[in-house]
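This report describes nonpolar cores, a chain contact and a pair of domains.

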Amino acid sequence: MKLLKSCLPLSLCLLFLTGCWDQNELDELSIVMGIGINLDKKGDLIVTYQVVNPTEVAPGITGAGGGKQPVFTVYETTGRNLMEATRKASKQTSRRLFFAHARMLVFSEKIAKDSIYQAVDMISRDPEVRSTIQVVVARDTTPSKLLRTFTAIDKVTSDEVATILKISEKNWGENMQQDINEVLQSIIDEGGEPIINGIKITGDKKLAMTAQNYEVGDPARVQLSGMGVFRDGKLQGWLDGPEARGVLWIKGKLVSSAITVPCMNKDNGYSIEIVRSNTELSADTKRDIPTITLDVFPEANIAEANCAVNLENPSEIVNIESRLNLVIEKEIQETITASQGFNSDVLGFGELLYRENPRKWRNDYKENYKEIFPELKVEVNVDSRIRRSGIRTSPFLFEEKKKKEAP
Amino acid sequence: MKTIKIDIQQYFIIIVLFELGSAILVGLGMDAGRDAWIAILLGMVSGMVLFLGYFYLYKQFPEQSLTQYLQILFGKSIGKLFGFLYLMYFMYLAARVLRDFGSLLLSAVFVQTPIIVVNALMIATIVYVLKLGFEVLVRTGEIIFSLVVLLGITLAVLVLSADLLKYNYLLPVLGQGFLPVLKAAFPVTPTFPFGEMVVFTMLFPYLKTSKKSKALTVGLFAIMLSGLILSVTVAMDIAILGGHVATHVYFPLLAAVAKINLGEFIQRLDALVVFTLIIGGFFKISVLFYVAVKATQDIFGVKEEKKLIGPIGIVLILSSIVIAANYVEHIKEGLSIVPHFIHIPFQVVLPSLFIIVFLLRRKKLKSFASSPSTSTE
Amino acid sequence: MRNRRKRPIIRTHKKLTDMLADKKHDDPSSLRSKTISMETSKRKETAETVVGELSPILHVMVDRVKTLLGDPMDLIVREFEFELEQKVTATLLFLEEMNDPQILNEFILSPLMSLSSHKQSSPVPVDHVLHYIKQNALALGRVLDVETEDELVEALLAGFSVLLVEGNTKGLKLGTTGGKVRGIEEPSSEVVIRGPKDSFTESIKTNISLIRRRVRSKDIRIEKFKIGEVTHTDVAIVYLENIANPLLIKEIKERIEEVKTDGLLESGQLEEFIQDETVTVFPQFLNTERPDVVIGNLLEGRVGIIINGTPFVLIAPAQFIQFFQSSEDYYMRYDISTFLRLLRFSVFIISLIAPSIYIALTTFHQAMIPTTLLFGIAAQREGVPFPAIAEALVMEITFEILREAGIRMPRAVGVAVSIVGALVLGQAAVQAGLVSPAMVIVVGITAVASFAIPSFAVATSARLLRFPLMLVSSVFGFYGLTLALIVIIAHLTSLRSFGYPYLSPFAPIQTQDLKDSLFRFPITKLFKRPKKLSKKNQTRTQPYSVKKKREEETTR
C-alpha cells in the first residue's frame, strides 16, 4: 500500500509527460472535406484534398482572421499510392490533415477506367475516413478542377455535392447516394458491380475556380450527371436520364420523381408526381437462362394536366394509370438493356438469383454469369396508383373544350 | 475473511455482462457469412450444455471453488497442478480480452498511443476496483448493466429509425447449406464466449445460500439472453453492412453504428460505442482477473487476496502485449489455435474428466466432502 | 441568631453528605449521566468530594460560584429575604440575558417575597424550607434540585437560574431560560414553492418542538447527549421507535458517544466525526433545515441528529439518491416530480463532466462532432493561444473564484463582482481572443447546472471531481473519462453510510425501493418503507380504493 502511495505521484507525472500521442487541438487540424484521385501520365496518383477554412464557413464568426479569405484551400500531391501522397501533403500544410469529416471522394474518369480497387481499399481501411463518404466520378473534368470549384450555396464543394446527391435522390431519382461501404459491398455481391454517380461542372469553367464565382448571379455550378457503370473495377459507360432512373426503380430506391405521360397525341400531356414506390423482385431459376420478374408499385399524384380531359371521371384516371405504367416500363426496360449492353450487373440481379436459389447459383450460374447476364429475360410489371390530382378538379382546358362544343 | 455473497440477480447480471463483454465487439461465427447469427445460436445451445456440466460439478461441491475441489478430487499435488493450469488459463483469457480492447482502441481512436499505456490504464482501474472488493465490482456491474441496457435500447431505436436495415443482406438463409454454418459454429463459437462460463466454477460458491436452487435456471436463462442479444447484434451488423463488409472488418458493430445518421445531427456515434464497449470489457477483464486472483490464493495458500491484485495486474499488462506480435496474429490465434488447443481442453475435456473422476471416486469422496473440509479455505 | 441557625445547618449538612455517600454506594448507575462530559465531571467530583458539595452558608457559596466562573459581569446575584417561621435569606443567581427577567420577577421573586409565616398551617423547619417553597411558592414548571457545585455551575451556564437558601445544602435550579433567539423563519437554503415554509433555528428546543408538533406519535424518541468538553453542546437524536432499526440506533448512539472534542459548533463537525468513510468527496449525511424533510426521513426509518446552535439537522443514514430529491417532490404530482428528479440527476452529470466532454471532443474525438458544429468550434479556437485544457482550467478556476467572492462579499459589492465577472472576464476574454466563446458557454452551463442541484453538498463534490476528470480527459480523451467514471461509480458503490450501501437502491438493486428513487411513483403506490432501513413495520400505505368504489357505485 505504501509502495502504491509512493507510486501515485510518479504515475501522475507520467500521465502528463506522456499523454499527447493522439491529442490534437482543433487549431492543429486541417479539416479535409473532399478527396480527389486522378492518374498522371506516368501512372502515379494525383491526390487532391479540399481543406476547409473554418473561420470563413462558421456562422457569425467575426473573430480571429475574418476578412477575405477563400472558404477552402486545395492541396495536391502525387505519389505511387494514396498513403504516400497523403503524407507528402505535409510538405505543404502546417497542419495535420484530418479526414473524419470528408464527405466526398472523387475519381477522375481516367482512374475509373483504369481501376478503382486500390483506392477503394485504401479509403475503407483508414480508420479515420468514415464509411459514409460519398463516392463520385468527375465527368468531363478532373477531380482537381472539381474540388477547386466555388459553389454558391453550400460554400464547400464537397458539402454541396453530398447534399445535392441526397436531395436529388429524394426528389428526382436519377442518382442515388453511394457511399464507400455500398460500393465495396456491391463489388463483393454475387455477380454485382458498382454504380457510381457522375458529376460535372456547368457554366463558365474558368470562373468556377475563382472566388468571383460567388459574386455573379449565374455562377458556374457542379451538377450531377448520370451514373457510371463499372465492370471489374473499370468504368464502362454512363447511364443518363431515364436510364439512370430505371436503376432506382429496379433497386426500389425511388422515393419521388416526376414523370411525363403523353395524352391524346400530345407528348407532354401530364406530369405525374411519384410519391412513393415499392419494387418486388422474383426469379424463375428452372431453366439455364433464368427469368426475372419485376413488380413495381408506384403511387402517384397528378401534378400538371396539359390536355383537355375530365379528371373527375374515374375511368380517365385508370386510363392515365395505364399510360403511366407503359412509360415506367419502358424506362426500366431501357435501363436493363443498357446495363446488359455494358455486361455489368449493377442492378443486383446476381444477388437476387443467389437469394432465390443458392444451390443453382453456385453450381450453374456463378461460373458463366458474364454470359448469362446479357441474356437474362426480365419481365416488368408496373401497377401504378394515382391517388390525387392536386387541389383542382378538371383542368380548365377541359372546361374550355366543353364550352366550345356546347353551342 | 469477509465472505462475499452474490444475489441471484447480481449473478444473472454478471453472466450477461461477462458473456457480452468482448463477444459483442468482435464478429462471432463470421465464417458462416450471412448466417453467422445461426452459428451463434448453435454455439449458445452447446454452451448451455457445457454450463450444465459445470453446474453438476458445483452441485457436488457446493462450498468449494474449482481450484479447491480439484484438490479433493485428485489429492493435493495433482489437484494443485490442475489448478495451476486453470490459473494459467484464466490469466491467458484475461490477457486476451485486454489485448482485444487495447487493439480496438488503438485501431479506432488512439492510433499513435502505445498499447501498453492503454492497457495499463485499464488494469489500473480494475486494480482499484478489485481492491475495494469483489462485492464492489458486482455492484458496479449492476449500475453498468442498467447503463448498457439503456444504451442498447437507444442504439436499437436509432438503428431502426435511421432505416439502415436491409433484410435482403440476410437472405438467403442457409444459402451455402447447413455445413458451412456447422463448420463455423463448431468448435469456435461455443468456446467463445459461452464456454468461458467455466470461470463461474470459481464463483458459484459465493452464491447466496438461499438462492442456490434457482441458480441453474437463472444461469441458463442468462446464457440464453446473452446468446440472443449476440445473435441479433450480428444479424443487425450484417443487415446494415452487408455480408461481406460485416465479415471483413475487425469490429463489425462499430462499423454498423458508424452508419447511423439521423438528421445530420445524431451521427458519428461509433466513438461513443467504443466507450460503451470498454465498460463491457472492463467488466469481463475484472471477472477474469478476480478469478485468477482467487485461483492463485487457493493454490499458493495466500491469505490476503488484496496483496495478489497488484502483482497479477502487472503480469496481465505485460502478457497482454507479449501474447501476439500484431493484431492479425492475435486474431488468427484467437480463431484457429486458441479454440482448439486451449478452449476445448479447458472448457470441455478437463471438466468432463473431472466429472468422470468424480463419478468413479464418488464413494470415497462422499465421506470427504461431507466432512467440513476447511483445510483449503 | 446566627448561632442558632448554624447548628442545625451543620447537622443537616452532615446528614446529607452521608445520604449522598450511601446513595452512591448503593446504586451508582442511577446517578450516571449519559454524556462523557458529565461522567468526567463526576469522576472529578468523587476524587474531591469536599470541594464539590454545596456549602450551606450563602455568602461562601456565592463566593465559590464567583470564583469558579471568574466573577463575570453578567452574573447577577440577587439576595432577598422572606418570612416563613422566621426570616430566611435566599439568593437568586443567574446569568443575565440568558434568563427571562419577566419570569424571574413574576414567578419567583414576587411569590417568594410575599411569603409570610402567618399563612402557614404548621411551622416549617429551616431544612425544609427549600422543599416547602418548591411545593408552595414557585409557580414554575421546571424546578429541579441542585446538589453539587458542578451541577450548579452547569445549570447557570445552561441558562437556568439557581435559588440558594441559607442553611440548605441543596439549591434549586429554575427553568427560567429565555433571552433572545432567532425566530422561526423561512428556510434559506432549501426553498420550495409548495410546502411548509418554516425552518429550524439555532435553538435545539425550538427544533424539537417543530418536529413534535408534526408527529403526534407516542413512538417518537428523542435522546439527548452532550458533546464538547468546553461547549457542552446539546445533541439530540430523533427517531421513531416502531420503525427505525434498533441496530442502527445503537450504532449511531455509540458513535456519538465516542466523540471527544472541546467544542461542537455545527453539524458539519459532528458529521466528520461519525461518518463511515473519511476519504471521500461525497456527503455522508443529508442535512436539512426543513422539519418536514426530517419527518419524512423518520418515517422511512432514518434518524435525525439535532445539534444546538445550528439550524442544520443531520439525517443518517444517507443514500446518494436522496441528494437529488427535494421535499417538494412529494407535494407535487408524481409525473412532474419524476421529471424534475431526472432533470436534477442529469444536471449533476452535466456539472460533473460537461467540460471534460468538451475537452475530449475537441482534442481527441473531433470525428464525433457534427461537421457544421466542428466548423464553428474550430473557427472559434483559431487564434486562441492555449490548449483546450488550459483554457478550460482557467475558465473554471475563474468561475470558482467569482463564486466564492460572490458568497463572501458584502451584498452591495456583490453586484459589482458579478458585473466584473460577466463582462470583464467573460466577454472581454473572448474578444481578446484568450478563450473561445464555446468554452465560455460550456463553463456557463456547468455553473448553472451546479446551482440546480438541490443539495449543496453534492454540488460541491461535483465541483471537486470536475478538475481531475478534466485532466484525465485531456490526456486520454473519452477512454480516460470512461475509466474515471467507472472508478467514481466503484467508489460510490463501496461507500456505506452507517452500514447501508450508499448507492442503494441501484446497487444492490432493491426493486421495491426503486419506486421512489430517480422516479417517484404515485403516493398511492408507495406501499413499503425502504427495505433495509426499516426492519419493523414495513407497510406504510394501504391500497387506496376510493376510486374503485366510486366506479362500482356508478356502474351499479
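A nonpolar core is a set of buried Ala, Val, Leu, Ile, Met, Phe, Trp, Tyr and Cys residues joined through C-beta atoms within 7 Å. A residue is buried if 20 or more other C-beta atoms lie within 10 Å of its own, exposed if 12 or fewer, and partly exposed in between, with C-beta atoms placed from the backbone.

The model is predicted: local features need pLDDT of at least 70 and side-chain atom pairs pLDDT 80 or more, while totals for chains, interfaces and linings use all residues. Residues are numbered from 1 along each chain as its sequence is written, with chains lettered from A and ligands numbered from 1 in the order written.

The largest nonpolar core comprises 331 residues, and Phe90(B), Ala94(B), Leu288(B), Phe289(B) and Ala292(B) have the most contacts inside it. Helix H18 (residues 456-494) of chain C (a DSSP run of H or I, at least four residues; strands are E, at least two; both numbered from the N terminus) contributes the most to this core, 20 residues. A second, separate core has 26 residues, among them Leu84(C) and Leu163(C).

Contact requires C-beta atoms, placed from the backbone, within 7 Å. Between chains C and B, 23 residues of chain C meet 26 residues of chain B.

Chain A has two domains, with bounds from an automatic or database domain assignment:

| Domain of chain A | Residues | Residues in the contact |
|---|---|---|
| domain 1 | 28-239 | 18 residues |
| domain 2 | 250-407 | 20 residues |

Their centres, taken over C-alpha atoms, are 33 Å apart.

How values were computed. Contact = placed C-beta atoms within 7 Å.
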